[in-house]
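Work through these exercises with the sequence and the model at hand. Try each task before you read its solution.

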Amino acid sequence: MTYKVGIVGYKNHAKRLQEIIECNENFDINWIFHPSKNINDSRGTNELSNLFDCDVVIVASPNFTHLEYIQKFIENSKCHIFCEKPPVTSLDGIEYLENLKEEEKIRIFFNFNLRFSELDEILKQNNNSEKIGKIIQINIISSMGYAFKKRYLDSWHSDGQKNLYNISENSAIHWIDLMVYNFGENVSSINFPRLISKNGTSFDTDLINLKFKNELSVSIFASYATPLIDDIVILGTNGYLQINNNSMKIFYPRDTFDENGLFAKPKNCIEKEFKIEIIIKESLKKSVNFFLDCIKNSKEFDISYFNSCIETNRLTLNLRKDHI
């Protein structure tokens, strides 16, 4: 069987999703929708109703439009919906999603693709492991210079009227979700968003501190106003794991001493190549293909997946109240 696919969005991330789908012989892209632009593709359309008879719809439009498209497809179509993060951009949107019938909720898949990455496997394998011990602190720096590119100024990302919390809801949210997915309930948070580049009117830099119920604390620094850097430190009671410079290193044990009996840097080191850019790119493929395989195999999406995505979304929106 071949499934009909419609895409809301036609460039940048939507294009990346399109390329992944086109590698799957069971899915044909019939429509590529934009509300006003003339798309240079025979599948291009400005009529959303053309997508209503599709089996699958991909929502890869600006964040603030997600709710509108979800509503229209829920009400006018029986399709399965693949929606980019964040699900919605308001607490009213959260309320709408929570009030959907269960059979409607399990038609929707939100793309938090780090759940499908090797980073997720690392957290699961190393928490309470012999080498790391109990994880008590995670520091994440993930940033690049996007805010200094002309296409940033021309995009909805930089528009504070539509997307004020740009960096937290487009970049940091992936890391927030990975933490919530692995460590459960967050009990307190502090948010320090800033506009560093002075380009556009939305925040391009953010520092987010989270504390989880299991006593883990997480610091996430995300920015579109710095050189490219991806640096992760996972600190446990017996060792620590560090990812940077295209490598992952695990140092252990805690009880390592110098000739004077003072604590020294752990003597054992396990090292492997680890390119975060490639890992994240692969996780996007895995997430999309998981979604497509579920449809192909008539497998329902787990309602717990939907619910956990909503909790991540709620936490990210509530960070606005924790803004200092």
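**Exercise 1. Find how helices α2 and α3 are oriented to each other in this predicted model, and list the residues that touch.**

Step 1. Locate the helices. Helix α2 covers residues 66-76. Helix α3 covers residues 91-98.

Step 2. Take the geometry. The axes of α2 and α3 come within 11 Å and cross at roughly 20°.

Step 3. Classify the angle. Angles under 35 degrees count as roughly parallel. Therefore α2 and α3 are roughly parallel to each other. Their crossing is left-handed.

Step 4. List the contact. From α2 come L67, I70, Q71, I74 and E75, and from α3 come G93, Y96 and L97.

Step 5. Sort by class. This contact of α2 with α3 has 5 nonpolar, 2 polar and 1 charged residues.

**Exercise 2. Describe the packing of α3 and α10, and find the salt bridge that E98 makes.**

Step 1. Take the geometry. Helix α10 spans residues 303-318. Its axis lies 10 Å from that of α3, and the packing angle is about 165°.

Step 2. Classify the angle. The cut-off for roughly antiparallel is over 145 degrees. So α3 is roughly antiparallel to α10. The crossing of this pair is left-handed.

Step 3. List the contact. Helix α3 supplies L91, I94, L97 and E98. Helix α10 supplies F306, I310, E311, N313, R314, L317 and N318. By class, there are 6 nonpolar, 2 polar and 3 charged residues in the contact of α3 with α10.

Step 4. Look for paired charges. Side chains of opposite charge can pair when their charged atoms come close. Here R314 and E98 meet in a salt bridge, at 2.3 Å from N to O. R314 sits in α10 and E98 in α3, 216 residues apart, so to speak of this pair is to speak of distant parts of the chain.

Step 5. Set the pair in context. The structure holds 16 salt bridges.

**Exercise 3. What is the strand order of the open sheet of 6 strands, and which strands are at its edges?**

Step 1. Read the order. The sheet runs β3-β2-β1-β4-β5-β6, with parallel pairing.

Step 2. Find the edges. β3 (44-45) and β6 (108-111) are the edge strands, and each pairs on one side only.

Step 3. Check one pair. Strand β1 (residues 3-8) runs parallel to strand β4 (residues 56-59), and 4 bridges join them. Within this pair, G6 stands opposite V57.

Step 4. Add a helix. Helix α1 (residues 13-21) packs on the sheet and touches β1, β2 (27-33), β4, β5 (80-84) and β6. The direction of α1 makes about 160° with that of β2.

**Exercise 4. How do α1 and α9 cross?**

Step 1. Take the geometry. Helix α9 covers residues 276-296. The axes of α1 and α9 come within 10 Å and cross at roughly 60°.

Step 2. Classify. The two helices are therefore oblique to each other. α1 passes α9 in a right-handed crossing.

Step 3. List the contact. α1 brings H13, L17, I20 and I21, while α9 brings L284, K285, V288, N289 and L292. These residues divide into 6 nonpolar, 2 polar and 1 charged.

**Exercise 5. Map the open sheet of 8 strands.**

Step 1. Read the order. It is β8-β9-β10-β7-β11-β12-β13-β14, with mixed pairing.

Step 2. Find the edges. β8 and β14 (268-273) each have a single partner strand, so one side of each is left without a neighbour in the sheet. The twist averages 10° from one strand to the next.

Step 3. Follow the strands from β8. 8 bridges join β8 (residues 186-194) to β9 (residues 205-212), and the two run antiparallel. P193 stands opposite D206 of β9. β9 also runs antiparallel to β10 (residues 217-223), with 7 bridges. There N209 stands opposite S219.

Step 4. Inspect the turn. The hairpin of β9 and β10 has 4 residues between the strands, and E215 takes a positive phi near 80°.

Step 5. Go to the other edge. β13 (residues 247-252) and β14 pair in the antiparallel sense over 6 bridges. Y252 stands opposite N268 in β14.

Step 6. Add a helix. Helix α8 (residues 166-183) packs on the sheet, touching β7, β9, β10 and β11. The direction of α8 makes about 15° with that of β9.

Conventions: Residues are numbered from 1 along each chain as its sequence is written. This is a predicted model: local features need pLDDT of at least 70, side-chain atom pairs count only at pLDDT 80 or more; totals for chains, interfaces and linings use all residues. Side-chain values use heavy atoms; hydrogens and water are left out. Two strands pair if DSSP finds at least two bridges between them. Contact means heavy atoms within 4.5 Å. Axes are lines fitted to C-alpha atoms, for helices over the stretch in contact, and angles run from 0 to 180 degrees between N-to-C directions. Angles under 35 degrees count as roughly parallel, over 145 as roughly antiparallel, 65 to 115 as roughly perpendicular and the rest as oblique. A crossing is left-handed if the near helix is turned anticlockwise from the far one by less than a right angle, and right-handed if clockwise. Ala, Val, Leu, Ile, Met, Phe, Trp, Tyr, Cys and Pro count as nonpolar, Asp, Glu, Lys and Arg as charged, and the others, Gly among them, as polar. A salt bridge is a side-chain nitrogen of Lys or Arg within 4 Å of a carboxyl oxygen of Asp or Glu.
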